[in-house]
Amino acid sequence: MEQIAVVKKVLENGMAQIAVERETACGAAHSCADCAGCEKMMTNTHTVVTAFNDVQAGKGDVVKVRSENATFFKTAAIVYILPLILAMVFYFVAVGAAMGEGLQVLLAFVGFAAGILVAVGWDRHMKKQNGLRFHIVEIKRACSGT
């Protein structure tokens, strides 16, 4: 996935802190500024992350940033899909065991909670491993004077 970002700070270890504008949940063709619907809900439209400064961009440069898709999609699946799948699995196991309707629903909630716990654990693991890696691949507009 590629995005446009602004370099906020150049770090000594070949990395840079960049501000990436959040994408809208409404779709790429939608502009929140036009309808002001999403804009009212979001107070911070930028996320600051650390990226590999492969092109030696300077502070203030507008850059193209690429993230590793496999890690991104794996994380999205674990966070968004796994809790729902576990809820359904636990529910259908309870149905197969001929448990009462109350226990079926309770086990579905237990499965969903287990999925949330796995997602939280995965998030902590990814933060420790610096799992979602960004690479600055192109300087779109040099504003740093370099």
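## A nonpolar patch, a buried core and a salt-bridge network

Val79, Tyr80, Ile81, Ile85, Met88, Val89, Tyr91, Phe92, Val93 and Val95 together form a nonpolar surface patch of about 920 Å². Please keep in mind as you look around that this is a predicted model. The protein chain has 146 residues, 25% of them buried, and its secondary structure consists of 4 helices and 5 strands. Below, the patch comes first, followed by the fold, the core and the charged pairs.

**The surface patch and helix H3**

- Two members of the patch, Tyr91 and Val95, are worth a click in your viewer.
- Val95 sits in helix H3, which covers residues 69-96. With a relative accessibility of 36%, Val95 is classed as partly exposed.
- Tyr91 also belongs to helix H3. Its relative accessibility is 30%, so Tyr91 is classed as partly exposed.
- Once neighbours within four places in sequence are set aside, Tyr91 is in contact with Gln104 and Ala108.
- Phe109 is 18 residues from Tyr91 along the chain, and the C-alpha atoms of the two are separated by 8.4 Å.

**Overall layout**

- Read from the N terminus, the order of elements in the protein chain is β-β-α-α-β-β-α-α-β.
- Among contacts in the protein chain with a separation of 6 or more, 76% are between residues 24 or more positions apart.
- The exposed area of the protein chain is about 9,700 Å², and carbon and sulfur atoms account for 62% of that area.

**Strands E1, E2 and E3**

- Strand E1 (residues 2-10) and E2 run antiparallel and are joined by 5 bridges. One residue pair to look for is Lys9 with its bridge partner Gln17 in E2.
- The hairpin of E1 and E2 has 4 residues between the strands, and in this hairpin Gly14 adopts a positive phi near 80 degrees.
- E2 also pairs with strand E3 (residues 46-52), again in the antiparallel sense, over 7 bridges. Here Glu21 has His46 in E3 as its bridge partner.
- Strand E2 spans residues 15-21 and is mostly covered, with 5 of its 7 residues buried.
- As a general point for reading any sheet, side chains in a regular strand alternate between the two faces.

**The nonpolar core**

- The largest nonpolar core holds 12 residues: Ala5, Val7, Ala16, Ile18, Val20, Val49, Ala51, Ala57, Val63, Val65, Phe134 and Ile136.
- At least two residues of this core come from each of E1, E2, E3, strand E4 (62-67) and strand E5 (134-141).
- The top contributor to this core is E2, which gives 3 residues.
- Ala57, a member of this core, is in contact with Val7, Val10, Val63, Ile136 and Ile139 when neighbours within four places in sequence are left out.

**Salt bridges**

- The whole structure contains 4 salt bridges.
- Glu2 and Lys64 form one through their side chains, at 3.7 Å from N to O. This pair links distant parts of the chain, with Glu2 in strand E1 and Lys64 in strand E4, 62 residues apart.
- Glu2 also meets Arg66 in a salt bridge, at 2.3 Å from N to O. Arg66 is in strand E4 and Glu2 in strand E1, so the two are another link between distant parts of the chain, 64 residues apart.
- Lys64 has a second partner in Glu138, and their closest N and O atoms are 3.3 Å apart. Because Lys64 lies in strand E4 and Glu138 in strand E5, this pair ties together parts that are 74 residues apart in sequence.
- Which residues are linked in a network of salt bridges? The members are Glu2, Lys64, Arg66, Glu138 and Lys140.

**How covered the charged residues are**

- Is Lys64 buried or exposed? Its relative accessible area is 19%, and the cut-off for buried is under 20%, so Lys64 counts as buried.
- Glu2 is partly exposed, because its relative accessibility is 40%.
- Arg66 is partly exposed as well, with a relative accessible area of 39%.
- Glu138 is also classed as partly exposed, at 32% relative accessibility.

Note on methods: Residues are numbered from 1 along each chain as its sequence is written. This is a predicted model: local features need pLDDT of at least 70, side-chain atom pairs count only at pLDDT 80 or more; totals for chains, interfaces and linings use all residues. Side-chain values use heavy atoms; hydrogens and water are left out. Buried means under 20% relative accessible area, exposed over 50%, partly exposed in between (1.4 Å probe, protein chains only). Contact means heavy atoms within 4.5 Å. Accessible areas come from the Shrake-Rupley method with a 1.4 Å probe; for residues, only the protein chains shown count as cover. Two strands pair if DSSP finds at least two bridges between them. A nonpolar core is a set of buried Ala, Val, Leu, Ile, Met, Phe, Trp, Tyr and Cys residues joined through side-chain atoms within 4.5 Å. Patches are made of residues with over 30% relative accessible area and no salt bridge: like charges are joined within 9 Å, nonpolar side chains (Val, Leu, Ile, Met, Phe, Trp, Tyr) within 5 Å.
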